[in-house]
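Please open the model in a viewer and keep the selection panel at hand. The stops below are arranged so that each selection leads to the next.

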Amino acid sequence: MTYILALDQGTTSSRAIVFDADMQVVAVGQEEFAQHFPASGWVEHAPEDLWQTTLRSARRALDKAGLSASDIVGIGITNQRETTLLWDAETGQCLHNAIVWQDRRTAAMCDALRARGLEDTIRARTGLLLDPYFSATKLAWLLDNVPGARERAKAGTLRFGTVDSFLIWRLTGGAVHATDATNAARTMLYDIHAGAWSAEICAALDIPMTLLPQVHDCASDFGVSDVLGAPIPILGVAGDQQAATIGQACFAPGMMKSTYGTGCFALLNTGPTAVMSQNRLLTTVAYQLDGQRTYALEGAIFIAGAVVQWLRDGLKIIGSASETGPLAEAADDAQDLVMVPAFTGLGAPYWAPQARGAVFGLTRNSGPAEFARAALQSVGLQTRDLLEAMQADWPGAADTVLRVDGGMAASGWTMQFLADILGAPVDRPTVLETTALGAAWLAGMRAGIYPDQAGFAATWAAERRFTPQMPEPTRAAHYARWQRAVQAVLTV
Ligand SMILES: Nc1ncnc2c1ncn2[C@@H]1O[C@H](COP(=O)(O)OP(=O)(O)O)[C@@H](O)[C@H]1O
Ligand SMILES: O=P(O)(O)OC[C@H](O)CO
């Protein structure tokens with residue numbers, strides 16, 4: 001038998017999953033690591049934590065599967081995106097902790113770039129909004145703040161990378177400095193139309209281009225790793241949300257996936273056309289295969305499963321996430337709570353970092369059940385905002401069937417409400433490990449053991465389809481009430 005090893009380096013944990021020749025999960029290794037918050041709005045990871053937890057997870061997965069490295073024909077890497085690392089090419093040591101995608105320390109730098117009139121250029125070239133979320137200003141911050149970094153960068157002795165690049169560097173013993181087009185597309189330094197680093201943006205941020213990795217297709221040769229006991233080629237790389245899009249086989253224009261973890265990321269395949277959003281969505285590379293780029297519109301919601309965590313850890317009205325479904329079911333129909341979980345501002349399509357959350361419609365009888373229902377509904381309502389924006393931007397989104405995954409997709413109640421409030425079907429696949437599956441498929445296809453795109457898409461199967469049951473007037477009234485609540489939160 002031949003196997004593929006998928007490495008999924010996420011924001012809170014690293015995972016490694018062994019897939020067999022039939023693309024079935026054989027074993028999983030997983031390890032959480034520390035989050036560092038050195039100042040308000042700052043989020044960092046220790047680079048050695050990212051590396052060591054990845055390595056240990058890989059070894060654990062192989063052990064559990066009873067396999068050795070020589071049984072693995074290819075590695076696929078998928079990763080938290082945008083998170084920024086800078087290391088010495090000689091020693092492989094990072095100059096600073098990784099600056100995580102959630103980190104807001106470069107907000108003032110973004111304002112300054114805006115004041116210099118760079119926003120339109122950045123938007124046009126990269127498809128992104130000028131925001132601290134992306135890697136470019138994080139890298140500029142490192143060059144500005146680590147003593148001697150810019151001089152060393154100019155001398156060509158440093159390397160920049162998102163987490164995939166860093167792992168590739170370490171896995172190959174410093175032989176390969178590479179990334180894939182989906183990760184490059186999240187740096188705010190990459191021209192997604194030209195398929196090349198933007199010299200213009202690099203110059204504007206004083207970023208020497210010698211720092212940047214080579215950009216490959218998602219299924220490509222990223223070097224050979226010898227760290228697990230036998231040489232294994234790295235054959236697939238994609239950012240985690242793009243890998244989930246691939247794992248969900250959203251290969252045709254108009255297909256869309258939404259991943260419900262801590263936050264929610266929805267990607268709509270727009271085919272070979274990079275649709276520029278009029279509604280503050282991001283334009284990004286969904287995947288690049290055989291040199292052909294496929295684009296996506298992306299909407300990011302910061303708080304999805306996190307609202308359930310807040311019920312559990314903040315309000316302490318539930319003991320575990322799965323209690324929310326039965327509670328919501330039991331909620332009083334005579335009450336109509338609306339919860340806007342803008343705990344850290346609102347993401348797409350509002351991008352309102354200063355907004356804060358609110359609950360409307362409270363009565364003396366409002367309790368855990370009504371809060372649970374409003375919390376789960378907020379996830380569907382935020383997704384409706386994204387779908388509305390996508391449909392306004394691109395008519396091809398009109399008839400989409402949403403494919404869902406992530407931890408919160410386990411909640412049948414939430415998925416049914418999602419279908420109801422969207423007025424569109426929602427499909428939950430049999431394989432919920434879609435992110436790792438996407439990375440595994442890229443590597444396995446490159447290795448020649450997995451089917452081609454059409455063959456892989458044919459293997460996708462729904463475990464359950466949720467069809468809308470809410471009457472249209474109820475749906476319209478519910479959504480209108482949500483929109484008024486959001487406006488209140490934005491203006492209070
Ligand atoms: N049955 C459930 N009902 C509601 N929310 C759930 C349920 N199961 C998990 N969740 C939520 O899903 C999230 C975990 O999903 P996961 O994909 O593991 O997230 P991440 O990768 O962002 O850590 C948590 O925020 C949790 O509250
Ligand atoms: O690590 P995750 O799954 O929360 O994903 C993070 C995203 O890639 C950030 O853009």
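Begin with the shell around ligand 1, whose residues divide into 5 nonpolar, 12 polar and no charged. Here Ala, Val, Leu, Ile, Met, Phe, Trp, Tyr, Cys and Pro count as nonpolar, Asp, Glu, Lys and Arg as charged, and the others, Gly among them, as polar. The model is a predicted one, in which local features need pLDDT of at least 70 and side-chain atom pairs count only at pLDDT 80 or more, while totals for chains, interfaces and linings use all residues. Residues are numbered from 1 along each chain as its sequence is written, and chains are lettered from A and ligands numbered from 1 in the order in which they are written.

Select Gly261, Thr262, Gly305, Gly407 and Ser411, which come nearest among the 17 residues around ligand 1. A residue is near a molecule or strand if its C-beta atom, placed from the backbone, lies within 6 Å of it. Two elements, α10 (305–314) and α11 (324–329), give two or more residues to this shell; α10 gives the most, with 4 residues. Helices (H or I, at least four residues) and strands (E, at least two) are DSSP runs, numbered from the N terminus.

Stay with α10 and add helix α12 (residues 368–393): their axes come within 8 Å and cross at roughly 160°. Axes are lines fitted to C-alpha atoms, for helices over the stretch in contact, and angles run from 0 to 180 degrees between N-to-C directions. The two helices, α10 and α12, are therefore roughly antiparallel to each other (over 145 degrees). Which residues of α10 and α12 meet? Val307, Val308 and Leu311 in α10 meet Phe371, Ala372, Ala375, Ser378 and Val379 in α12, a contact being a pair of C-beta atoms, placed from the backbone, within 7 Å. The residues of this contact divide into 7 nonpolar, 1 polar and no charged.

Next, select ligand 2. Its surroundings include Gly10, Thr11, Trp101, Asp240, Gly261 and Thr262, and its shell divides into 1 nonpolar, 7 polar and 3 charged residues. Gly261 and Thr262 thus belong to the surroundings of ligand 2 and also to those of ligand 1.

Asp240 leads to helix α9 (residues 240–247), whose axis comes within 7 Å of that of α14 and crosses it at roughly 80°. That makes α9 roughly perpendicular to α14 (65 to 115 degrees). Asp240, Ala243, Ala244, Ile246 and Gly247 of α9 take part in the contact, with residues of α14 including Thr434, Leu437 and Trp441.

Now display the sheets. One is open and has 6 strands in the order β3-β2-β1-β5-β14-β13, with mixed pairing; two strands pair if DSSP finds at least two bridges between them. Its edge strands are β3 (25–32) and β13 (224–225), each pairing on one side only. Within it, β1 (residues 3–9) and β5 (residues 72–79) pair in the parallel sense over 7 bridges, and Ile4 has Gly74 in β5 as its bridge partner. Helix α14 (residues 434–447) packs on this sheet, touching β1, β2, β5 and β14 (232–239).

Finish at the other open sheet, whose 7 strands follow the order β17-β18-β16-β15-β21-β22-β23 with mixed pairing. The twist averages 30° from one strand to the next. Strands β15 (residues 256–260) and β21 (residues 402–405) pair in the parallel sense over 4 bridges, and Thr259 stands opposite Asp405 in β21.

Methods: Contact = placed C-beta atoms within 7 Å. Parallel < 35°, antiparallel > 145°, perpendicular 65-115°, else oblique.
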